[in-house]
Amino acid sequence: MTVHPSLQTYADAWTHSVEAIAELVGPLVEGEWNRATPCPGWSVRDIVSHVIGMECEMLGDPRPIHSLPRDLYHVRSEFARYMEMQVDVRRHHTAPEMTSELEYTMIRRARQLRNESRSPDTRVRAPLGTEQTLELAYQMRAFDTWVHEQDLRCALNKPGNLDSPGAYVTRDVLLRSLPKVVAKEAGAPANSAVVFDVHGPIEFLRTVRVDSDGRGSIDGSPSLGPQATIGMDWETYYRLACGRVRATALPDRIKVEGDAELAEAILSAFAVTP
């Protein structure tokens with residue numbers, strides 16, 4: 001048990017997802033590690049490499065000294081280059097090397113979590129040399145690990161855990177970005193409201209309200225006269241928000257009522273992960 005319950009929630013969610021990842025990849029033969037995943041440009045091996053690399057950074061390990069190839073089409077930003085370093089350095093590792101490093105990293109991180117005594121507002125290392133609070137770091141690791149667990153499940157055709165602890169963390173992280181998507185990216189009119197009705201393993205109803213100054217906010221109460229209502233299942237919601245698929249590829253899984261043009265603009269800007 002960590003000192004602060006707010007950290008424990010994220011630690012539990014991360015543990016659940018990372019153990020699921022280990023269970024998914026443990027039996028894989030060499031060729032299966034090369035399967036493509038919904039995460040652009042990354043294979044099963046790359047996903048696991050990323051998870052290992054990010055956990056090593058949480059442990060305070062030095063980043064690898066490595067030169068990236070110039071022909072990686074999916075690396076288009078400095079943030080992507082940062083993330084790719086831990087992935088590319090492991091691209092030629094064998095299946096046994098991957099599973100053993102994952103297991104060893106999980107053991108080290110589990111020990112770190114058990115001994116955690118820092119305050120949630122402690123400043124810690126974040127990507128690109130920035131800083132974040134310990135609580136945000138824990139939350140983002142739980143979020144990231146669950147999403148990548150789902151990438152692996154999709155690639156390996158082993159669905160599951162859509163309502164696990166990590167799924168609820170992911171819901172909360174993605175909902176934080178919704179007001180910006182609606183108000184700023186999609187340009188919803190002032191004094192309007194857009195309702196999101198999500199069903200499936202995780203269900204929620206949220207209303208994004210745009211005030212007279214064009215600023216967005218979100219709450220759980222319904223709107224009597226929304227500008228648009230967008231309905232979909234939870235799996236579709238997270239896949240859209242995490243940039244795993246475009247709305248145009250899933251027309252039968254998204255239901256729109258009201259302003260169709262605004263809904264299209266929102267769905268076009270729905271991906272919020274880097």
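**Aromatic contacts and charges over rings**

In this predicted model, Arg63 is placed over the face of Tyr82, with a distance of 3.6 Å from the ring centre. A second arrangement of this kind involves Trp14: the charged end of Arg109 sits over the Trp14 ring, 4.9 Å from its centre.

Contacts between aromatic rings were examined next. A pair of aromatic rings is described by the distance of the centres and the angle of the planes. In total, 8 aromatic pairs are found in the structure. For Phe196 and Phe270, the ring centres are 6.2 Å apart and the planes stand at 35 degrees; the pair is therefore tilted, since stacked pairs require planes under 30 degrees apart and edge-to-face pairs over 60. Phe196 belongs to strand E3 (residues 192-199), whereas Phe270 is located in the segment after helix H9 (260-268), so this pair ties together parts that are 74 residues apart in sequence. Phe196 and Phe270 are both buried.

The pair formed by Trp234 and Tyr237 has ring centres 6.1 Å apart and planes at 20 degrees, and because this angle is under 30 degrees the pair counts as stacked. Both residues of this pair, Trp234 and Tyr237, are in helix H8 (residues 234-241), where a spacing of 3 residues corresponds to about one turn of the helix. Trp234 and Tyr237 are also both buried.

The residues of these two pairs belong to one aromatic cluster, which is formed by Trp146, Phe196, Phe204, Trp234, Tyr237, Tyr238 and Phe270.

Key: Residues are numbered from 1 along each chain as its sequence is written. This is a predicted model: local features need pLDDT of at least 70, side-chain atom pairs count only at pLDDT 80 or more; totals for chains, interfaces and linings use all residues. Side-chain values use heavy atoms; hydrogens and water are left out. Rings of Phe, Tyr and Trp (its six-membered ring) pair if their centres lie within 6.5 Å; planes under 30 degrees apart count as stacked, over 60 as edge-to-face and the rest as tilted. Helices (H or I, at least four residues) and strands (E, at least two) are DSSP runs, numbered from the N terminus. Buried means under 20% relative accessible area, exposed over 50%, partly exposed in between (1.4 Å probe, protein chains only). A charge sits over a ring if NZ of Lys or CZ of Arg is within 6 Å of the ring centre and within 35 degrees of the ring normal.
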